[in-house]
Amino acid sequence: MDLFSEYGSAILEAFLLTLRLAVFSGTFALLLGVVLAVFRVSPVPVLRWIGAAIVYTFRNTPLTLVMFFALFGLVYQLHIYGPPEEVTLSLSEQNFWMAVLALSVYTSTFVCEVLRSGINTVPLGQAEAARAVGLTFSQNLRLIVLPQALRSVLNPLASVIIAMIKNTTVAVTIGVVTATGVNEASGQMRTMMENEPNQIVLIFIIFSIGFMLMTLPVGFLAGWASKKFAVIR
Amino acid sequence: MKLKKIAAIAGALALAGSLAACGGSDDTGSDAGGDKIKIGIKFDQPGLGFKEADGDYSGFDVDMAEYIAEGLGYDDDQIQFVEAVSANRETFLKDGTVDMILATYSITDERKAEVDFAGPYYVAGQDLLVKADNTDITGPDSLNGKKLCSVTGSTPAQNIKDNYSKQAQLQEFDTYSKCVTALQGGQIDAMSTDDIILAGYAEQFPGEFKIVGAPFSEENYGVGLPKGSEDRDKINDLIEKSFEDGAWEEAFNDNLGESGYQLPEPPTVDRY
Amino acid sequence: MSTSVLYDAPGPRAKALNWVYSGVTLVVLGFVAWLVFSKFNETGQWESEKWTPFIDADVWNNLLIPGMIETLRAFAVGSLLAMVFGFVFAVGRLSNLKFVSIPCGIVVEFFRSIPMLLLMFFIYFMQPSLGITPTSIFWAVVLGLMLYNGSVIAEIIRAGVRALPKGQEEAGVAIGLTSGQVMRTILLPQAVRSMLPAIIAQLVVLLKDTALGYVLGYSELLNQVKQLDTNFHNLIPAAIVVAVIYIALNTVLGLVATWIEGRTRRVARTAAPVGHAGAVDPVADEAALAK
């Protein structure tokens, strides 16, 4: 198939970039999501308000705009990489990390809400018992409540991660490319559809399979893990 | 009973949808009375074809379009501008959505097979826009290690990377105005597209940018017409007339005069 | 579990500590805000000429309001189609006939597992080969919205039906109804009622999803940032204003959802007991995450 001989390596590069976006964003989103969830259940009112405000803002703003603010706000206005004339980072790296940042923050608000609903499934007695034996808030969360909450929300958490993998496609709006200038998967697919108008169906199938190879294992893994680690009550 | 309510909500949504659909479609011109001329222009290219926030249209293409329409016997209020995005230009001419197109529309053999062209009324070339004080970018082959901005899917940028400066870094955005923002902020070093389009952006910031002036392609902008149009000769005459009576130069100076970009010689109309 | 169970009522020392934490947080927050403000100030983002366009009626009449109308139009048509799609495929997947349920299941799972942007690109670029000219961006956006969100709604409805007590279906069959009648008159009405909040939450998501049309160049709200910037060179202010409009639109829809949820809960109390998907509903959560 000449489509593969011409675009094979570009397709592979595109998906590797997408995968890299997904791995970094997923990791940071989970960590940040836990922090946000802790904020939202913490005894300090100000932290609860901030947590709620962040979650509300990012959940209701299109991801496209979040990415936009990351690049045009943080890089172009706030110069987080330093003054433009001194930036040594390549464009591809710079845009990549901004996409990771935007995806992480955006996704973390969903992780936070999933965790919070997980905390709601932990029976009252667990936390009360923990308090009764003298655990502090942080010990209570860390040792008793969060481990149980996490285990009960593996499936919805996987859904969040799957959606995040699909959301990496929005990175096309700020021009995330590899060092050799290949776009992430959705941008690469668009380029190919523009160049090869006669093979659009085939191109679509190739890229769909590529995404299914990334999203389906996450779902299966979560299904298996949620059974294995189910909290039996 | 619940279902009825849902049906009612669904119905309301459908109604809203169809109402909005009616509201949205009137700018594509359903009133195809013979006394109007529908001209396809760009809406998003300042200095060339641009829809202002107050609803007016401005630009070189717009002025030329008005001149031609007037010459064909239409009043100003008989002209209706329609947004012609690049991908839809041929189909718009074929299915009668527009009567003619002036939208940085390059004459190519491929397109000539599908539509007719009058003109060219302007010869543009792919060029680079840099900050006014930049001295080290002199042409497409001086971009190694530099950051170059263009719009998504545009061949010009890829052309530079493939044929001139292999080490150039590409930034792609969906609009040139974002490239301009990045160029102003120093996040990129140059942006590339047709020189007259670049001039339109330079015009918005007099003195801040300059066009390098080393064009590395030739684009003949023509007036797109439906295949077999009877107005073609007349429009060719009008284009030549605009070169002579100063209307062409005036259209340029009114819209791009402060860009620092010099008006080239008028092209020769190609009556193929 | 209410969150306050996680910690004891604060005593004098804890109260003092909370004040310290609050103070530190506010100082950090204030510092970040000041940093952003002053940097934006340095680069001239607060200049009045960048903001005055937003008190100009022309800007609202010619850019922002048409943008909002396009967004709402895609939302209205998209959500209607998504609900139709959702009903059809939920019923299809619940069918006893394998040759109906399996294909329906594949369709639903497929559209849920690939990005919506891919779908929109595909529909957009497919049109010329199908002889559809001029290429419609609107339908590429709306059909993309329909296929993904419709699949999610199908799963929500299916989950609703499956959560119903088995006796509901058995009782229907026992009095001689066909399986189609059972579905139509007994199962679906109850499932839809119990799942209405989740369905509406998905429609809220769909509203936010319309912003993907931006990538194709559909002239919805987000695209107006582009026009505003070309007119007034106020990229950041324009993006801020548009973000606020999105948040406002979503808030209004969210309030409608909450209101309907409250109503359905009230009704449910007097009706036959209905299985309720708990707070941890994977489908609804995935639904909420899409852009």
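**Chain A and its contact with chain C**

Of the 233 residues in chain A, 55% are buried. This picture comes from a predicted model, and a good place to begin is the architecture of the chain itself. Chain A is built from 9 helices and has 0 strands, so that its pattern, read along the sequence, is α-α-α-α-α-α-α-α-α. Along the principal axes, the C-alpha atoms of chain A occupy a box of roughly 70 × 45 × 25 Å. Among contacts in chain A with a separation of 6 or more, 77% join residues 24 or more positions apart. The chain has an accessible surface of about 9400 Å², and carbon and sulfur atoms account for 68% of this surface.

Attention now turns to the partner chain. Chain A brings 70 residues to the contact, and chain C brings 59 residues. About 5600 Å² is buried between chain A and chain C, with 74% of that area coming from carbon and sulfur atoms. Between the two chains there are 0 salt bridges, while 11 residue pairs are in polar contact across the interface, both residues being at pLDDT 80 or more.

Several helices share the side of chain A that touches chain C. Those giving two or more residues include α2 (45-59), α4 (91-121), α6 (137-152) and α9 (200-228) of chain A. The most is given by α9(A), which supplies 9 residues. Sorted by class, this side of chain A comprises 43 nonpolar, 20 polar and 7 charged residues.

Key. Residues numbered from 1 in each chain as written. Chains lettered and ligands numbered in written order. Predicted model: local features only at pLDDT ≥ 70, side-chain atom pairs only at ≥ 80, totals over all residues. Heavy atoms only, no water. Contact = heavy atoms within 4.5 Å. Buried area = accessible area lost by both parts, 1.4 Å probe. Salt bridge = Lys/Arg side-chain N within 4 Å of Asp/Glu carboxyl O. Polar contact = N/O pair within 3.5 Å; in protein donor to acceptor, adjacent residues only side chain to side chain. Helix = DSSP H or I, 4+ residues; strand = E, 2+ residues; numbered from the N terminus. Nonpolar A, V, L, I, M, F, W, Y, C, P; charged D, E, K, R; others polar. Buried < 20%, exposed > 50% of the residue type's maximum accessible area, 1.4 Å probe, protein only. Areas by Shrake-Rupley, 256 points an atom, 1.4 Å probe, with all protein chains shown as cover.
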